[in-house]
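Good morning, and thank you for making time for this presentation. I would ask everyone to look at the sequence and the model on the screen before I begin.

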Amino acid sequence: QVQLMESGGGLMQAGGSLRLSCAASGSIFSRLNMAWYRQAPGKQRELVAGIARDGSTNYADSVKGRFTISRDNAKNTMYLQMNSLKPEDTAIYYCNAVFTVLKKYDYWGQGTQVTVSS
């Protein structure tokens, strides 16, 4: 069982920066594929960025060049550095972890609100 806890959300003006953190419990963090998702009001949850066990990353087109995903396996923590924030980045941001051994295990955090004012 993996528990995920996001932090770092808040209210920011357009053009500003925020850094989100996702702390994971347990001892298998280095074996997890991790990702950030977000869900804006009235919209479906969407992938923002992902980072695999080997450190490879992928990003949604809407955040490329502005957001950076990273992980620190020693601290069991994943990060999302968000720069040049836009009002359309306003959403609840969720941390996701996937562990695959014989079958796929999918874990979610409770989410952290990010609000960007114009």
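**A ring pair, a disulfide and the overall fold**

I begin with Phe99, which is buried, its relative accessible area being 10%. Please bear in mind throughout that this is a predicted model. Tyr105, by contrast, is partly exposed, with a relative accessibility of 31%. Because the cut-off for a buried residue is a relative accessible area under 20%, Phe99 at 10% falls into that class.

How many aromatic pairs does the count come to? The number is two. One of them is formed by Phe99 and Tyr105, whose ring centres lie 6.4 Å apart. The angle between their planes is 35°, and the pair is classed as tilted. The reason lies in the cut-offs, because planes under 30 degrees apart count as stacked and those over 60 as edge-to-face, with the rest called tilted.

Next, I turn to Arg45. Which ring lies beneath the charged end of Arg45 at 3.8 Å from the ring centre? That ring belongs to Tyr94. Arg45 also lies over the face of Trp108, where the distance to the ring centre is 4.7 Å.

Let me now consider the covalent cross-link. The structure contains one disulfide, and its partners are Cys22 and Cys95, with 1.9 Å from S to S. The rotation about the S-S bond is -70°, and the link is left-handed. What does this bond tie together? Cys22 belongs to strand 3, residues 18-24, and Cys95 to strand 9, residues 91-101, so the disulfide connects parts separated by 73 residues in sequence. As for solvent exposure, Cys22 and Cys95 are both buried.

Finally, the overall architecture. The protein has 11 strands and zero helices. Its radius of gyration is 14 Å, close to the 13 Å that the globule rule gives for 118 residues, so the protein is as compact as a globular protein of that length. Along the principal axes, the C-alpha atoms fill a box of roughly 45 × 25 × 25 Å.

Of the 118 residues, 40% are buried. Among contacts with a separation of 6 or more, 54% are between residues 24 or more positions apart. The accessible surface comes to about 6,400 Å², and carbon and sulfur atoms account for 47% of that area.

To close, I would return to the disulfide: Cys22 in strand 3 is joined to Cys95 in strand 9, and both cysteines are buried. Thank you for your attention.

Key
Residues are numbered from 1 along each chain as its sequence is written. This is a predicted model: local features need pLDDT of at least 70, side-chain atom pairs count only at pLDDT 80 or more; totals for chains, interfaces and linings use all residues. Side-chain values use heavy atoms; hydrogens and water are left out. Rings of Phe, Tyr and Trp (its six-membered ring) pair if their centres lie within 6.5 Å; planes under 30 degrees apart count as stacked, over 60 as edge-to-face and the rest as tilted. Buried means under 20% relative accessible area, exposed over 50%, partly exposed in between (1.4 Å probe, protein chains only). A charge sits over a ring if NZ of Lys or CZ of Arg is within 6 Å of the ring centre and within 35 degrees of the ring normal. A disulfide is a pair of cysteine sulfur atoms within 2.5 Å. Helices (H or I, at least four residues) and strands (E, at least two) are DSSP runs, numbered from the N terminus. The radius of gyration is taken over C-alpha atoms; the globule rule is 2.2 Å times the number of residues to the power 0.38. Contact means heavy atoms within 4.5 Å. Accessible areas come from the Shrake-Rupley method with a 1.4 Å probe; for residues, only the protein chains shown count as cover.
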